Amino acid sequence: MAERGGRGSGHGSLDKSITLPPDEIFRNLENAKRFAIDIGGSLTKLAYYSTVQHKVARVRSFDHSGKDIDNEPLYEISVQEEITARLHFIKFENTYIETCLDFIKDHLVNTETKVIKATGGGAYKFKDLIEKKLGLKVDKEDVMTCLIKGCNFVLRNIPHEVFAYQKDSDTEFRFQTNHPNIFPYLLVNIGSGVSIVKVETEDKFEWIGGSSIGGGTFWGLGALLTKTKKFDELLQLASKGQHTNVDMLVKDVYGGAYQTLGLSGNLIASSFGKSTTADKEFSKEDMAKSLLHMISNDIGQLACLYAKLHNLDKIYFGGFFIRGHPVTMRTITYSINFFSKFDMLEMDRLERPLVNLPLLKDPSTYIPDTVDLTDDAMARKYWLTCFEEALDGVAKRAAASQPDSVDAQERAEKFRQKYWNKLQTLRQQPFAYGTLTVRSLLDTREHCLNEFNFPDPYSKVKQKENGIALKCFQSVIESLDSLGWEERQFALVKGLLAGNVFDWGAKAVSDVLESEPQFGFEEAKSKLQERPWLEDSYSQWLERLKEGPPHKCALIFADNSGIDIILGVFPFVRELLSRGTEVILACNSGPALNDVTYSESLIVTERIAAMDPVIHSALKDEKLLLVQTGSSSPCLDLSRLDQGLAVLVRERQTDLVVIEGMGRAIHTNYYAVLRCESLKLAVIKNSWLADRLGGKIFSVIFKYEVPCK
């Protein structure tokens, strides 16, 4: 552990096995409810469930009866405290277990249980110590059952926690999205030793082999060879070493490659082979590197043979030995959790389950993101710079959103610094947090804002813009109703796209909105670069409306508040309803930029229904349904949607999906393949992206797709 730097609770300085101050590692310990611990031969992994308070933005409709609503806000905005369940994960070397147990004991206040679940060999070895220190009864669990259940949970629920590694390829790391069909697979868990498990179903698995040569071997032999007793320090030594100074290669034996057997000259023929012939001392770094290669090669070969024996084509490697060094991946090839270099991890519980959109053609091959920035160096450099340049403005907006808070400026600066540090990490290590995409950059920014209690920096902007747009709604509808059918269809689509211009997440737009307060719906229409979409996809859509029967039900994913949803989306919704099509309008569950949230959409829809009989009737007859997506992102992952939305899609036999906005239809889902008709619409509000796509800023995307029969 690091020294605690005067944060003091009476304990002396601790060893650097834990690299963060304990009162930061053991966060929310005072609210801990349940504990579980896994004690292996070398490391202890502790998990505890606690409750945490964080700020959330709420909106509530005012009672406008008998009032002049023209001068009243549309709804009330408040920031409230909410309690969320959180899992905390911590690891440390067994050497320091007594010190950590003392710290936990001193800070336990409200634990609800008198039992701690324990697994691993240390659950027996340290049972008496744990019960004495914590006053909790140790209840032992089977280690393999826990391991498999945990692995299945990760594979099913946590995207980008599993990746394939291919040395020297253009993209060394290929991250795996959640896959609905995870079985069967081979799990190779590398701790002190190695356990190899064949997993066939959720409840059917068997231990089929193992090896006593594992992470503990590297640690123990490494200590003997180098006099270095810390695991991470051994890995650091290995990172600086050159194994060819110690290992005998094929070319050392044959003078080059062994062509008859197809062996490369650089292949290791004998680990530590040169130590028997060379009359010299070898460096600690070289010996550590050679040892790491030897153990990794042995494990990789063993796993490959077991997979072939049992006809398995998926091998997952886990355990702390894997995450520590790229050499283990170069020799083993596959691994998980390489970049989890911190000693703590926190995971919040979702209140509602997330599932696939039932209309995805093949959920197992669906990838939300259009561009993988880990592949595209030019795009990566541009977008990282773009987010860096926007950061000061976001921090300023966050502080301004809480004018009555005395520490808003301080928290905004902490947010700015944390997100800036993450961006710098990504410049050096693009894979540091999983697959790098525009979506991950946006979501990470939102996460950092929430961490420093800025749940909705654009709440006042949305409130104001929703109120302004509502005043224009009736005149827009009257204008549309005065048009002929074909002219109206064009005006509806143009209005939908013009509304999408109002995106505070796009710097080109936010600059205009801040410098030109009168910029409105008509001005946005004039900025659109319409062609060439009119000649191709739009004409097909128009033909479908003319010749085909009405759709049964349309699922529309809304984007921005204000003009976008009120003057763009709702007139489009109204036209579909008039054709006899039911509509499911899906909005974000939580705030992100100026995107409309589900709670805001309820208030906006109520006001529109009071002005428009078509919307009023559809709401009353449940032909128009408002739902939440389960997301708080400016982008859209169709494999992680609210279960209630998925149920509605099935029940209403949805046969049209409309996805609107740059984040949802360009940065994500541009290549998504559905089992029904779809419309993907957006305005490109970024000059660099427009140029790359061969257009100009404010060019439009109108993509009508029909599934292959």
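pLDDT is the predictor's confidence in each residue, on a scale from 0 to 100, and a contact means heavy atoms within 4.5 Å. With those terms in hand, this predicted model can be read through its confidence, its backbone exceptions and its second largest pocket. Across the chain the average pLDDT is 84, and 87% of the residues score at least 70.

**Confidence along the chain**

- Residues 331-344 keep a pLDDT under 50 throughout, and for this stretch the model has 58 contacts beyond four places in sequence.
- The stretch of residues 1-22 likewise stays under 50 in pLDDT, and here the model has 48 contacts beyond four places in sequence.

**Backbone geometry**

- Most residues other than glycine have a negative phi, and most peptide bonds are trans.
- The peptide bond that joins Phe183 and Pro184 is cis, with omega at about -10°, and Pro184 has its place in the loop that runs between strand 7 (173-176) and strand 8 (185-190).
- Asn453, a residue other than glycine, has a positive phi near 60°, and it is found in the loop between helix 14 (438-451) and helix 15 (459-481).
- Because its relative accessible area is 23%, Asn453 is classed as partly exposed, given that the buried class is reserved for values under 20%.
- Asn669 also has a positive phi, near 70°, and its place is in the loop between helix 24 (662-665) and strand 22 (677-683).
- With a relative accessible area of 1%, Asn669 falls under the 20% limit and is therefore buried.

**The second largest pocket**

- The second largest pocket holds about 800 Å³ of space, and its lining is made up of 36 residues, of which Trp504, Gly505, Ala506, Lys507 and Ser510 lie nearest its centre.
- Two or more residues of this lining come from each of helix 12 (377-400), helix 14, helix 17 (507-515) and helix 24, and among these elements helix 12 gives the most, with 11 residues.
- Sorted by class, the lining of the second largest pocket comprises 16 nonpolar, 12 charged and 8 polar residues.
- Both domain 3 (377-452) and domain 4 (458-705) take part in the second largest pocket, each giving at least three residues to its lining.
- Two of the contributing helices also border the loops described above: helix 14 lies before the loop of Asn453, and helix 24 lies before the loop of Asn669.

How values were computed
Residues numbered from 1 in each chain as written. Predicted model: local features only at pLDDT ≥ 70, side-chain atom pairs only at ≥ 80, totals over all residues. Heavy atoms only, no water. Helix = DSSP H or I, 4+ residues; strand = E, 2+ residues; numbered from the N terminus. Buried < 20%, exposed > 50% of the residue type's maximum accessible area, 1.4 Å probe, protein only. 1 Å grid on protein atoms, 1.4 Å probe; cavity = no way out; pocket = protein on both sides within 12 Å on 5 of 7 lines; lining within 4 Å. Points joined across faces, edges and corners; volume = space filled by probe spheres on them. Nonpolar A, V, L, I, M, F, W, Y, C, P; charged D, E, K, R; others polar. Domains from an automatic or database assignment.
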